[in-house]
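Here are some exercises for you to try with a protein model on the screen. Have a go at each task before you read its solution.

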Amino acid sequence: MINPWKKLSKASLFLEVLDARAPKATTSLTFHKEFKGRSKIIFLMKTSLADRSITRLWIRHYRSLGNMVISVDKSNPRSIVEARAALADWAKHRSRTRQIRASVVGIPNTGKSSLINALVGRKRQLTGDRAGITRGEEWVKLVDGIMLLDQPGVMGDDDVDLDAYWRRVCCGAVPEGDYDPEFIAMQLISTLNKFIPAWDEHLNLAGDDESEGDLLSRLAARQGFILSGGRLDKNAAALRLIKIYRKGKFGKISLEKPE
Ligand SMILES: Nc1nc2c(ncn2[C@@H]2O[C@H](COP(=O)(O)OP(=O)(O)OP(=O)(O)O)[C@@H](O)[C@H]2O)c(=O)[nH]1
Ligand SMILES: [Mg+2]
């Protein structure tokens, strides 16, 4: 059997990609176990979807723990230019003679391929909601002093707790069919209710009843999700709600703050 860690083991620097909306939940436990103590730089990705003030708290949090943190959104060219400059600066202070070998790692869908594309400056990676297909591994020059493995290390086999799990689902890290949409939607709704005033006005769903299940029923009715026999399809409503969140249509909403 091919050892999945073999290629990654050649890296001496890891660019760990976290979803800025839920950095703790999208941290790979596997990566931290397998590559404990190795040099890493944290990338908070998809910042255009996250609450800016909460992202600032996360940056401060990780820096206070001694980490280097870079925030990036693939649609924000300035963030990419700044990321490359920070990496070049980092490399300059590490080694003037030796090339540092780096690899991008993270759980599914956090934006690893998009980050590689953005940093390397050409379309080397396929991106999408499913695991990317890569045409063969290669080291490419990232900046002076850093070579990057053009295939990211996907680390998705964590056994996480429920709090991290539902946030991972909301960030798109778990394939559809592998989770219970109604359960996830309930968690999402209760977080939105707690922290985001009038978030449901966007869907025109405000009503007198308070429970998360009722809200899903109203959404199912509004969207015409009706099963045979006239029952409301709350499962379909839940999937729709999660999708709307993922696309950022409720606004820039982070799912967790540093403790
Ligand atoms: N808004 C926003 N969306 C992003 C960003 N980066 C990635 N995405 C989207 O997130 C989804 C996943 O991106 P990928 O780059 O394929 O993520 P990945 O980590 O390589 O995913 P896997 O290969 O499946 O593990 C795609 O729909 C991207 O368009 C970002 O910075 N901002
Ligand atoms: Mg990918």
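The exercises below go from the whole chain to its sheet and then to its helices.

**Exercise 1. The chain as a whole**

Find how many helices and strands the protein chain has, and what share of its residues is buried.

*Solution.* Keep in mind that this is a predicted model. Step one is to count the elements: the chain has 9 helices and 6 strands. Step two is burial: of the 259 residues in the protein chain, 39% are buried. Step three looks at contacts with a separation of 6 or more: 67% of them are between residues 24 or more positions apart.

**Exercise 2. The order of the strands**

Work out the order of the strands in the open sheet, and say which strands stand at the edges.

*Solution.* Start at one side and walk across: the order is β3-β2-β1-β4-β6-β5, and the pairing is mixed. Next, look at the two ends. β3 (68–72) and β5 (139–143) each have a single partner strand, so one side of each has no neighbour in the sheet. From one strand to the next, the twist averages 35 degrees.

**Exercise 3. Leu15 and its two partners**

Which residues are the bridge partners of Leu15 in β2 and in β4?

*Solution.* First take β2 (residues 39–45), which runs parallel to β1 (residues 13–19) and is joined to β1 by 7 bridges. In β2, Leu15 has Ile41 as its bridge partner. Now turn to β4: β1 and β4 also pair in the parallel sense, over 4 bridges. In β4, the partner of Leu15 is Val104.

**Exercise 4. Two enclosed strands**

Explain why β4 and β6 are described as largely enclosed, and trace how they pair.

*Solution.* Begin with burial, for which a residue needs 20 or more other C-beta atoms within 10 Å of its own. In β4 (residues 100–106), 5 of the 7 residues are buried, so the strand is largely enclosed by the rest of the structure. In β6, 8 of the 9 residues are buried, so this strand too is largely enclosed. Then look at the pairing: β4 and β6 (residues 146–154) run parallel, with 6 bridges. Ala102 stands opposite Leu148 in β6, and Ser103 has Leu149 as its bridge partner there.

**Exercise 5. The hairpin**

Do β5 and β6 run parallel or antiparallel, and which residue of their hairpin takes a positive phi?

*Solution.* Check the direction first: β5 and β6 are antiparallel and joined by 4 bridges. Val143 has Ile146 in β6 as its bridge partner. The hairpin has 2 residues between the strands, and Gly145 has the positive phi, near 95 degrees.

**Exercise 6. Helices on the sheet**

Find which strands α3 and α4 touch or lie across.

*Solution.* Helix α3 (residues 52–64) lies across β2 and β3, and runs at about 160 degrees to β3. Helix α4 (residues 77–94) packs on the sheet and touches β2, β3, β4, β5 and β6; its direction makes about 160 degrees with that of β3.

**Exercise 7. Two crossing helices**

At what angle do α7 and α8 cross, and which residues meet?

*Solution.* The axes of α7 (residues 181–195) and α8 (residues 212–223) come within 9 Å and cross at roughly 110 degrees. That makes α7 roughly perpendicular to α8. On the α7 side, the residues are Glu182, Ala185, Met186, Ile189 and Ser190, and they meet Glu212, Leu215 and Leu216 in α8. Sorted by class, this contact has 5 nonpolar, 1 polar and 2 charged residues.

How values were computed
Residues numbered from 1 in each chain as written. Chains lettered and ligands numbered in written order. Predicted model: local features only at pLDDT ≥ 70, side-chain atom pairs only at ≥ 80, totals over all residues. Buried ≥ 20, exposed ≤ 12 C-beta atoms within 10 Å, placed from the backbone. Pairing = 2+ DSSP bridges. Axes fitted to C-alpha atoms, helices over the stretch in contact; angles between N-to-C directions. Contact = placed C-beta atoms within 7 Å. Parallel < 35°, antiparallel > 145°, perpendicular 65-115°, else oblique. Nonpolar A, V, L, I, M, F, W, Y, C, P; charged D, E, K, R; others polar.
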